[in-house]
Amino acid sequence: INMAMAGIVRHVSSLLSNKSSIIAGCIKRPLNIRLLHTSFSLFSSDDVSPRGPAYTTSMSGACIPANPEKLCPIYRILDNNGKILNTSEDPKLSNDLLLNLYENMVTLQIMDQYLYRAQRMGAISFYMTNFGEEGTHFGSAAALDPNDVVYAQYREAGVLMWRGFSLDDIMNQCFSNMLEGGKGRQMPVHYGSKALNFHYISSPLATQMPQAPGYAFGLKQSGSKNCVICYFGDGAAQEGDAHASMNFAATLGCPVIFMCRNNGYAISTPIEDQYAGDGIVRRGLGYGMEAIRVDGNDILAMYNATTYARKVCVEEHRPVLIEAMTYRLGSHSTSDDQEQYQDMEQVEYWRRNLYPATRLKLYLIEKEIWDEEKEEELAKRVDREIKASFQKARKVKKSPIDEMFNDVYDVPSKRLLQQQQELWNHLDKYGQHYPIDNYAPSKK
Amino acid sequence: MAWTNRILSVSRGTGIRLSSVLLNEIRHASSNPSSIFTPNPPPVEGPTSEKNLVEAIRSAIDIAMDDDHTAAVFGEDVAFGGVFRCTVGLKEKYGQERVFNTPLSEQGIVAFAIGLAAQGSTAIAEIQFADYIHPAFDQVVNEAAKFRYRCGGEFSCGRMTVRAPYGAVGHGGHYHSQSVEGFYAHVPGLKVVIPRGPSQAKGLLLSAIRDDNPVFFFEPKGLYRAAVEQVPDSDYTIPLSQAEVITEGTDVTLVGYGTQIQVLRQVCQMANDELKVRCELIDLRTILPWDVETIAKSVCKTGKLVVAHEAPLTAGFAAEICSTIQNECFLNLEAPIQRVCGWDTPFPLVFEPFYLPDKYRCLEAVKRVINY
């Protein structure tokens with residue numbers, strides 16, 4: 001046991017002396033979990049059980065309290081007014097990158113407003129906004145490699161935009177037209193892109209989570225230097241799939257960053273009704289996984305946390321959990337009205353004082369690379385581009401009707417082809433009752 | 001049956017009286033379908049070896065892993081060889097990065113398979129009993145089945161195969177005997193395959209693994225050791241979505257799959273001997289998408305159909321076959337289609353002999369259509 005302990009001490013001190021990460025000094029590297037595992041040995045004594053842990057004769061010594069003495073702190077380096085709180089933590093991003101981040105955040109915000117109104121006017125069937133959470137998207141996306149694979153929930157449009165998903169791409173998806181990758185088979189905001197390594201959104205919550213370790217395991221086996229990032233919300237984190245995902249990732253050594261957007265609400269359900277413990281971050285310990293709680297509205301802290309997590313994933317094949325504390329400023333979707341359950345004073349407080357784009361803007365102004373004139377120009381340009389993209393997308397027809405029968409399998413089954421023929425025969429007789437003109441012509 | 005004969009001869013030799021319970025067991029062992037297995041002829045030419053169902057399945061997985069270096073086999077207890085020994089020796093041969101245990105979570109296992117397959121590797125997942133696949137239902141129905149469709153074919157998880165033992169085993173009760181093909185047959189995007197014996201299993205499993213769609217492969221656990229055949233040593237596949245006419249006949253069409261084929265073989269014999277009725281026996285092999293043509297062609301010829309499966313009657317897969325065939329062959333039918341299935345109860349332990357669609361119940365169904 002003494003030799004094992006000496007080994008652990010040596011291992012820990014070598015980890016702590018590793019200064020290659022910008023925040024190595026601030027984040028405690030964990031002990032290699034496998035050295036401390038409840039396994040089996042042929043050694044036991046009055047002090048140590050053959051299962052590994054030490055014995056204690058006082059129950060309180062073996063008791064882990066239900067609630068910690070204090071909540072896990074939140075890592076942030078930009079204050080509410082855009083001032084850097086700890087210069088040694090400043091990632092010192094280039095001006096180009098910072099401006100790019102800011103412009104994207106503004107674009108997303110304006111686009112969300114536009115598409116929300118478009119749904120209200122009946123132009124598109126459904127929409128979900130990202131208000132208040134743009135920091136979680138761009139801060140994390142900017143720290144990733146373009147070939148890192150993304151699994152997401154539905155409120156991560158910024159991640160896709162950062163990768164290169166254009167306004168046209170978003171509009172096409174929202175209009176469910178024939179230019180959309182999914183061929184209009186799913187509702188708006190169920191976007192994705194193979195070229196941009198972003199899996200398609202599906203409505204059931206947390207189902208993407210246990211797939212992430214599977215994908216990551218394959219990446220690891222192939223010798224890839226990329227990782228997987230998996231976004232999910234505070235509500236989705238309660239699903240059984242979330243538990244399975246983290247346990248599998250940690251146990252099988254899968255390079256996954258689990259990114260929880262804790263925005264305080266799952267539709268109308270506040271976090272008080274969602275969990276009793278200290279949020280999601282502390283669950284990492286239960287799975288043997290390192291976890292970081294970060295200010296989701298501090299784009300620089302998000303960048304740093306994601307950079308660190310990525311390094312651990314890629315170099316050590318260990319998953320990392322990040323809980324990004326943020327706040328959902330809008331309703332859940334166009335089918336929801338936040339005023340029914342959210343304290344609008346609270347919403348206004350967060351919008352006025354903690355808005356991620358605002359904090360970044362103040363930081364840019366301080367750096368003298370932004371001003372109100374540029375702000376006006378940006379807003380005008382973005383507005384113009386969004387309007388143009390919108391008008392273009394709404395004119396595009398829907399996919400040809402035969403696309404309803406494709407991609408069920410790699411090759412349509414006999415029965416599907418028969419059913420397709422049945423539909424054609426039906427439309428030959430009753431076609432005038434169907435909106436056929438809205439669809440591009442089929443091969444038939 | 002070796003064990004029954006041995007016990008009877010020991011009893012006779014030593015004069016030890018057997019209890020009435022044991023005598024009943026022995027008497028009914030002859031009607032236990034698992035104890036009577038008629039070997040199938042090898043589906044392809046070439047050298048063969050004697051293998052049981054477990055060994056045939058293992059051979060298929062071994063070939064798949066040898067052939068495809070991205071292939072991985074995983075699930076609960078897979079590393080030491082699996083509770084049914086289907087993966088014995090594979091970890092030693094391919095290493096623990098390719099043959100490994102997962103934590104105990106079926107939703108995790110199936111989702112892991114989806115993710116691994118999406119990455120481009122070949123994922124062969126094992127669920128310990130089909131009865132336990134239900135926690136993964138969401139992943140199967142909402143994710144695996146819709147994966148390719150929802151993204152216009154940009155992504156796919158076609159390289160995944162999920163294997164699970166299904167069906168009656170004599171003592172399994174509610175949770176070790178279920179047939180679940182009915183649930184998954186209803187999901188567009190999946191394939192469901194059920195082999196009737198070792199040489200069929202090897203060829204069908206290799207097809208399933210190589211098919212670029214998520215395939216659910218249900219193995220008749222009652223036949224794992226009882227079914228022994230000459231299985232070709234080579235790498236061969238049997239096409240999916242093709243039913244097989246095992247015995248040609250003119251009077252009645254019998255359709256089944258998996259273990260039920262053994263029962264129906266006996267029914268063919270009994271019908272021939274007792275009723276001079278020549279049955280055409282068809283093994284469906286693939287439940288989804290199923291081979292309507294072969295069944296329809298047969299029923300148009302015979303005019304009479306009996307479908308049998310262990311799964312409960314109501315909304316079981318036989319209902320789908322009946323509906324389709326009455327539409328395809330309405331004017332050729334000479335009698336209502338008969339279904340012989342498990343009763344609409346959870347699978348009972350002590351009542352198993354009365355629950356299963358055994359040869360006597362199936363023979364009765366044949367008589368009903370013949371005499372209609």
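**Entry 1: the A/B interface**

How much area do chain B and chain A bury between them? I started there, keeping in mind that this is a predicted model. I noted about 3,500 Å² buried between chain B and chain A, with 59% of it on carbon and sulfur atoms. For orientation, I reminded myself that the size of an interface is often given as the accessible area lost when the parts come together.

Next I looked up who takes part. Chain A gives 43 residues to the contact, and chain B gives 43 residues too. On the side of chain B, I found that Tyr149(B), Arg150(B) and Phe155(B) lose the most area to chain A; together they make up 21% of what that side buries.

**Entry 2: polar links across the interface**

How many salt bridges does the rule find across the interface of chain B and chain A? I got two. I looked at Glu293(B) with Lys414(A), a salt bridge whose closest N and O atoms are 3.4 Å apart. For polar contacts across the interface of chain B and chain A, I wrote down 20 residue pairs, both residues at pLDDT 80 or more.

Then I asked which elements of chain B give two or more residues to the side that touches chain A. My list has strand 3 (99-101), helix 5 (106-119), helix 6 (137-144), helix 7 (147-150), helix 11 (292-302) and helix 12 (317-328) of chain B. Helix 5 of chain B supplies the largest share of that side, ten residues. Sorted by kind, the residues on the side of chain B that touches chain A come to 18 nonpolar, 15 polar and ten charged.

**Entry 3: backbone oddities**

A reminder to myself before this one: most residues other than glycine have a negative phi, and most peptide bonds are trans.

Where is there a cis peptide bond? I found one joining Leu288(B) and Pro289(B), with omega about -10°. Pro289(B) sits in the loop between strand 12 (286-288) and helix 11 of chain B.

I also looked up positive phi values outside glycine. Asp407(A) has a phi of about 65°, and its place is the loop between helix 12 (372-395) and helix 13 (414-430) of chain A. Ala315(B) has a phi of about 60° and lies in the loop between strand 13 (305-312) and helix 12 of chain B.

Is Asp407(A) buried or exposed? I have Asp407(A) at 15% relative accessibility, which is under the 20% cut-off, so Asp407(A) counts as buried. Ala315(B) has a relative accessible area of 65%, over the 50% cut-off, so I put Ala315(B) down as exposed.

**Entry 4: aromatic rings**

How many aromatic pairs does the rule count over all chains? The answer is 26. I picked out Tyr191(A) and Phe198(A), an edge-to-face pair at 6.3 Å centre to centre with 70° between the planes. Tyr191(A) is buried at 5% relative accessibility, and Phe198(A) is buried at 0%.

I then turned to Phe129(B) and Tyr132(B). Their ring centres are 5.6 Å apart and their planes stand at 70°, over the 60 degrees needed, so this pair is edge-to-face. Here Phe129(B) is buried, with a relative accessible area of 11%, while Tyr132(B) is partly exposed at 25%.

Which residues form one aromatic cluster? I closed the page with Phe217(A), Phe248(A), Phe74(B), Phe100(B) and Phe112(B), which form one cluster with members from chain A and chain B.

Technical notes: Residues numbered from 1 in each chain as written. Chains lettered and ligands numbered in written order. Predicted model: local features only at pLDDT ≥ 70, side-chain atom pairs only at ≥ 80, totals over all residues. Heavy atoms only, no water. Contact = heavy atoms within 4.5 Å. Buried area = accessible area lost by both parts, 1.4 Å probe. Salt bridge = Lys/Arg side-chain N within 4 Å of Asp/Glu carboxyl O. Polar contact = N/O pair within 3.5 Å; in protein donor to acceptor, adjacent residues only side chain to side chain. Helix = DSSP H or I, 4+ residues; strand = E, 2+ residues; numbered from the N terminus. Nonpolar A, V, L, I, M, F, W, Y, C, P; charged D, E, K, R; others polar. Buried < 20%, exposed > 50% of the residue type's maximum accessible area, 1.4 Å probe, protein only. Phe/Tyr/Trp six-rings, centres within 6.5 Å; stacked < 30°, edge-to-face > 60°.
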